[in-house]
Amino acid sequence: MTARELDAAAIHDPALRAAYATCRRLNARHGRTYFLATRLLPADRRPAVHALYGFARRADDIVDDLAVDAGPGERARALLAFELRLAEGLTRGTADEPVIRALVHTASVYGIDHRHFTDFMASMRSDLTVTGYASWEELGGYTHGSAAVIGLQMLPVLGTTCPREEAAPYAADLGVAFQLTNFLRDVGEDLDRGRVYLPADLLTAHDVDRELLLHSRATGLRDPRITSALRAAAAHNREIYRRALPGIALLAPESRPCIRTAFVLYGGILDAIEADGYAVLHRRAVVSRARRATVALDGLVRALAARPAPRTAAAPRPTGPGRSLPAAGAPPAGQPRRTRASAETAHEDVA
């Protein structure tokens, strides 16, 4: 339950608890894969992850889902107002808007560099005007702010077994890998918004342009050139996953099951895209419930194995941004045919 997570994180102020609860609802509603993985973290670290997700989701909603008839000017004004409230909140140490209040508290507790939030907002602003990217290098400027910094924000929450700067490149790569997977899954939806995140030079190499994408989207007709370009993009995406993988071992042991689960589930989206013949212009590829449940149960086993021995009553509790936090427990594995929902509920009941 949310109350148990907040109690574990020593968050007692009613307004702050409500702010974190708002972020948790955003994560649960919109970030199914991310939310499932988050629940494998120790209970006292989950609120911070919910705050980071809630902040990112709120900004993304302003850019894409503010209102069906909202024009670029209205979105730009709303995003600027949100950014100004963020800057004020980070300066004051609190804010009235729930997602910013929770984010500011998380940033303070874990010592998260405020530049990561500034870089993120810069990428969100670019979505208001930029509709395409010439190359992977140019796209990389966008994904640094929209994805790499998410991994960097998470590092202080997850903890590392090495100096944080050694783990940072892997965390950044994993954030980018996750976002490229989302780009591939959402090619059709992004095209409807007027955006193409596949680099133009990649498309040109396979004799594809925006007009061909629009034609395929509108008619439902498949084109082997588009399939070839998408296959190449997926191969590039998988290479970034391979680059990021060693970083999981650098995380605190109690955090690894969460990130490994996210790694496997997001990689599973690529598998689903491939299995569906790269038909992402026409339908969204999804990971089956059975697969999600299997991965979740494996994560529960890993989370249980990573749980440290119980502290004695006299043992002091470390404090501060770099504190070593107790891992969440998990029920024994091995129960047949458990669904994704039951796997999540079992973990929540003992966390």
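A salt bridge is taken here as a side-chain nitrogen of Lys or Arg within 4 Å of a carboxyl oxygen of Asp or Glu. By this criterion the structure, which is a predicted model, holds 25 salt bridges.

One of these joins Asp7 and Arg17, with the closest N and O atoms 2.9 Å apart. Asp7 belongs to helix α1 (residues 2–8) and Arg17 to helix α2 (residues 14–30), so the pair ties together parts that are 10 residues apart in sequence. Asp7 has a relative accessibility of 43% and is classed as partly exposed.

A further salt bridge is formed by the side chains of Asp186 and Arg284, at 3.0 Å from N to O. Both residues are located in loops: Asp186 in the one between α9 (164–185) and α10, and Arg284 in the one between α14 (256–275) and α15 (289–306); the pair therefore ties together parts that are 98 residues apart in sequence. Asp186 is buried at 11% relative accessibility, whereas Arg284, with a relative accessible area of 39%, is partly exposed.

The pair Glu239 and Arg242 lies within a single helix, α13 (residues 224–244). Their side chains meet in a salt bridge with an N to O distance of 3.0 Å. The two residues are 3 positions apart, a separation of about one helical turn. Glu239 is partly exposed, at 37% relative accessibility, and Arg242 is exposed, at 52%.

Salt bridges also link Asp64, Asp127, Asp190, Arg193 and Arg195 in a network. Two members of this network, Asp190 and Arg195, also appear in the lining of the largest cavity.

The structure holds 3 cavities of 30 Å³ or more, and the volume of the largest is about 70 Å³. Residues lining the largest cavity are Phe183, Val187, Asp190, Leu191, Arg195, Val196, Tyr197, Leu198, Leu213 and Leu281. Helix α10 (residues 187–192) gives the most to this lining, contributing 3 residues. In terms of residue class, the lining comprises 8 nonpolar and 2 charged residues, with no polar ones. Asp and Glu, like Lys and Arg, count as charged, so the charged members of the lining are Asp190 and Arg195.

No cysteine pair meets the disulfide criterion, which requires sulfur atoms within 2.5 Å; the count is 0 disulfides. Among the cysteines, Cys162 is buried, with a relative accessible area of 13%. Cys258 is likewise buried, with a value of 3%. Both assignments follow because buried means under 20% relative accessible area.

Arg115 is placed in helix α7 (residues 115–126). This residue is exposed, its relative accessible area being 59%. The side chain of Arg115 makes a polar contact with that of Asp113, at 2.7 Å. Arg115 and Val149 are separated by 34 residues in sequence, and their C-alpha atoms are 8.9 Å apart in space.

How values were computed: Residues numbered from 1 in each chain as written. Predicted model: local features only at pLDDT ≥ 70, side-chain atom pairs only at ≥ 80, totals over all residues. Heavy atoms only, no water. 1 Å grid on protein atoms, 1.4 Å probe; cavity = no way out; pocket = protein on both sides within 12 Å on 5 of 7 lines; lining within 4 Å. Points joined across faces, edges and corners; volume = space filled by probe spheres on them. Helix = DSSP H or I, 4+ residues; strand = E, 2+ residues; numbered from the N terminus. Buried < 20%, exposed > 50% of the residue type's maximum accessible area, 1.4 Å probe, protein only. Polar contact = N/O pair within 3.5 Å; in protein donor to acceptor, adjacent residues only side chain to side chain.
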